[in-house]
Amino acid sequence: MSGGTPFIVLVAILGGALRVSTPFMFVALGECLTEKSGRVNLGLEGTLVLGAMSAYAVSYHTGSPWLGVLAAGCAGSALGAMHGFICKLPRVNDVAIGIAMMLFGTGIAFFFGKAYIQPTAPRLGSIMLGDWTGNPQLATALQINPLMIVGILVAIAMWWAFANTRWGLIVRMSGDSAPSAMAMGVSVDLVRFLATTAGGFLAGVGGAFLSLYYPGSWNQGLSSGQGLMAVALVIFARWNPLRCVAAAFLFGATGAIGPALQSVGITQGYYFFNAAPYILTLFIMIASAGSSKAGRDVPGELSIIK
Amino acid sequence: MSIHMLSRRKFIRNTGALAASAGLMASTSEVAMAAGVTLGIVYVGPRDDFGWNQAHAVAAKALQSSGVKIIEEENVPETDACAKSMESMVNLDGAQIVLGTSFGYFSPFMVDLAKKYPKVEFRHAAPLWDASKHPMNLGSYFGYLNQAHYVDGVAAGLSTKSNKLGFVAAKPISSVLSNINSFLLGARKTNPNAIVQVIFTGDWSLPVREAEAVNALVDAGCDVITCHVDGPKVVIETAEKRGVKTCGHNASQAPLAPKGFITGAEYKWITIYKGYADKLAKGEKLPNMVAGGYDTDMVQNTPYGAGASDAARKAADAAIADLKAKKPIYVGPLKDNKGKIVIDKAYDNYDPYLDQMDYLLEGVVGSIT
């Protein structure tokens with residue numbers, strides 16, 4: 001084959017980053033938006049699974065995977081809206097509701113998803129970015145899905161909007177100081193409700209990527225905790241949408257190390273390499289928590305901080 | 001009808017206790033002997049997972065057509081929940097035999113139930129039953145799937161151009177290692193230059209990592225992929241997308257890979273289940289331990305797919321005939337991939353020494369730690 005062993009590993013890591021990162025990216029962006037408004041939604045694992053199921057089911061019935069993506073977003077916003085609505089009620093803890101919503105989301109996804117394990121639905125296509133290289137491995141690694149580009153654009157738009165628009169300011173203010181927002185006449189509850197709904201939409205779309213692109217099938221073990229990891233990535237990315245994208249890529253890339261090393265014959269210690277993403281996350285968090293800026297990035301209204 | 005039923009019950013009462021206990025199941029050629037039996041079966045996952053659970057569910061469904069009443073429950077976790085479903089199968093549905101198909105159901109749940117309901121038969125799909133410790137109405141059954149993986153290997157050896165075969169495995173336990181080693185020995189039989197490259201994912205169901213493993217293997221030059229994970233769906237589909245050939249595991253994955261599917265290693269649980277039902281209908285004592293492979297019709301290979309060449313089909317058919325004639329797979333001297341001789345002579349396919357496998361043979365690229 002062309003290229004040496006380090007080349008194969010590097011290509012596999014690059015390919016892994018491009019293939020695996022998108023669901024993390026969407027869930028992290030959704031959670032970033034929700035947390036910026038001052039609320040924590042831990043239920044996004046359930047949203048991701050329900051999104052994956054709805055996307056697969058709708059794609060199967062309509063024959064259009066993009067309608068499936070839309071359906072996943074709608075299912076996700078429904079769960080987000082439910083979370084947002086319940087948390088508006090007095091004396092409700094958003095962390096506890098989030099966990100309940102996670103179980104609820106996976107539960108209904110498994111219930112309705114039963115009929116879709118066997119059938120084959122149309123999947124999303126990919127964009128070939130690497131055909132010019134003339135190297136089959138590199139060309140495969142550089143196959144990307146349009147949703148990944150959408151995710152990056154959403155991140156840039158969010159980052160710009162937080163800093164430069166009135167809407168962004170309102171979301172940030174609701175998240176940093178509810179009394180100030182109320183003094184300005186902003187309905188904090190409404191802002192958080194909308195932010196949670198929109199966050200749910202993004203997480204649902206992340207699920208569509210899982211079932212319609214990579215790994216590209218619906219089954220009950222599909223997510224295996226990715227939604228929960230993505231929520232943690234938001235803290236790691238310190239509530240910055242652009243850093244959420246970077247964190248998702250980093251996570252995808254390190255996740256590919258384990259299989260890639262085994263494929264070239266470096267087979268000792270694969271449990272350690274499979275744990276690489278978590279170890280790396282831990283180290284970066286420890287390193288970044290020490291910086292004096294870290295505290296300022298946290299939205300002041302988050303219930304986990306209060 | 002009622003007279004017939006009465007006489008059969010009498011027959012059960014009078015002869016049941018005296019019937020012989022040892023040995024494998026009788027031949028399954030008798031048809032529809034099993035009508036009137038109620039069989040309960042509990043699965044740990046969905047019945048249509050293209051894997052382990054589906055293999056059992058296919059057998060249960062086939063048994064239903066021969067008149068056995070089947071009570072099924074899926075997605076039952078390996079907790080108190082499995083004891084509750086089994087107990088309700090006994091009390092509410094009148095199941096005469098309950099099958100637990102997941103490893104963790106056995107102890108304490110099925111052991112306790114067998115003590116509580118001594119007139120009901122309990123059977124569990126892993127070799128855990130021990131005559132000195134466990135009740136006599138409890139037992140184990142399993143199949144030597146490695147024989148079918150050997151046949152996969154024989155076909156795969158003739159299907160590869162790069163001489164590199166990829167194996168996505170969950171955990172390095174003896175049954176998984178035995179499938180990998182048997183796959184290699186099959187491939188070496190038809191292609192002495194073949195090597196098997198293994199990736200361990202670390203758990204039974206990790207779809208994203210399984211897809212990553214397939215991509216990594218294909219990038220490293222493997223052009224036939226097989227696996228031992230709970231639901232091989234993702235592995236087979238990803239390999240098909242990458243344009244390489246595949247061999248299946250547990251149940252038939254042929255519909256998932258219309259272009260590249262060669263054949264697959266499948267259990268044939270129906271042989272065992274039908275044996276149980278027939279014996280119950282006749283009022284005979286069920287054996288406590290049932291295990292076997294090709295020679296007792298307990299494993300099989302998926303019908304050849306488009307990926308199997310004529311030469312591969314012929315070689316695989318010949319390998320199946322060899323296994324039916326009890327020809328050994330492990331013929332020494334064979335070294336493990338660290339250079340130590342681990343197989344010193346020809347071992348019978350059911351030799352207990354092979355059940356303790358904790359090594360990968362020379363020719364397998366991979367490590368169990």
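These are my notebook entries on a predicted model with chains A and B.

**Aromatic pairs**

I started with the rings. The count over all chains came to 20 aromatic pairs. I picked out F24(A) and F251(A), which pair edge-to-face at 4.9 Å centre to centre, with 65° between the planes. That angle is over 60, so the pair gets the edge-to-face label. The two sit in distant parts of the chain: F24(A) is in helix α1 (residues 5-36) of chain A and F251(A) is in helix α11 (residues 241-255), 227 residues apart. Buried or exposed, I asked of F24(A)? F24(A) has a relative accessible area of 5%, so I noted it as buried. F251(A) comes out at 7%, so buried goes next to that one too.

Then I went over to chain B. F167(B) and F183(B) are another edge-to-face pair, 5.8 Å centre to centre with 75° between the planes. Here F167(B) belongs to strand β6 (residues 164-169) and F183(B) to helix α6 (residues 174-190), 16 residues apart. Both F167(B) and F183(B) are buried.

Still in chain B, I looked up which residues make up one aromatic cluster. They are W52(B), Y141(B), Y267(B), W269(B), Y273(B) and Y276(B).

**Charges over rings**

I checked lysines against ring faces in chain A. K36(A) lies over the face of F162(A), 5.4 Å from the ring centre. K88(A) has its charged end over the ring of F193(A), at 5.3 Å from the centre.

**A nonpolar patch on chain A**

Next I went to the surface. I127(A), L129(A), I149(A), L153(A), I156(A), W159(A), W160(A) and L242(A) form a nonpolar patch there, with about 730 Å² of accessible area together. Which helix gives the largest share of the patch? Helix α6 (residues 146-164) of chain A does, with 5 residues. L242(A) comes from helix α11 of chain A. L242(A) has 33% relative accessibility, so I put it down as partly exposed.

**Helices α9 and α3 of chain A**

I did a quick length check on helix α9 (residues 188-212) of chain A. Its 25 residues should span 36 Å at 1.5 Å a residue, and the end C-alpha atoms are 36 Å apart, so the two agree. The helix is mostly covered, with 19 of its 25 residues buried.

In helix α3 (residues 65-88) of chain A I looked at A72(A). A72(A) is buried because its relative accessibility is 0%. I also took its C-alpha to C-alpha distance to N240(A): 25 Å, with the two positions 168 residues apart in sequence.

**Backbone oddities**

Last, I scanned the backbone. Most peptide bonds are trans, and most residues other than glycine have a negative phi, so I listed some exceptions.

Chain B has a cis peptide bond joining S107(B) and P108(B), with omega about 5°. P108(B) is part of helix α4 (residues 106-116) of chain B. Another cis bond joins G332(B) and P333(B), with omega about -5°. P333(B) is in the loop between α10 (310-324) and β13 (334-335) of chain B.

For phi, W239(A) is positive at about 55° although it is not a glycine. I found W239(A) in the loop between α10 (226-236) and α11 of chain A. W239(A) has a relative accessible area of 6%, so it is buried. N75(B) also has a positive phi, near 55°. N75(B) is in the loop between β2 (69-73) and α3 (80-91) of chain B. Its relative accessible area is 33%, so N75(B) went down as partly exposed.

Note on methods: Residues numbered from 1 in each chain as written. Chains lettered and ligands numbered in written order. Predicted model: local features only at pLDDT ≥ 70, side-chain atom pairs only at ≥ 80, totals over all residues. Heavy atoms only, no water. Phe/Tyr/Trp six-rings, centres within 6.5 Å; stacked < 30°, edge-to-face > 60°. Helix = DSSP H or I, 4+ residues; strand = E, 2+ residues; numbered from the N terminus. Buried < 20%, exposed > 50% of the residue type's maximum accessible area, 1.4 Å probe, protein only. Lys NZ or Arg CZ within 6 Å of the ring centre and 35° of its normal. Patch = residues over 30% accessible without salt bridge, like charges linked within 9 Å, V, L, I, M, F, W, Y side chains within 5 Å. Areas by Shrake-Rupley, 256 points an atom, 1.4 Å probe, with all protein chains shown as cover. Salt bridge = Lys/Arg side-chain N within 4 Å of Asp/Glu carboxyl O. Expected span 1.5 Å × (residues − 1).
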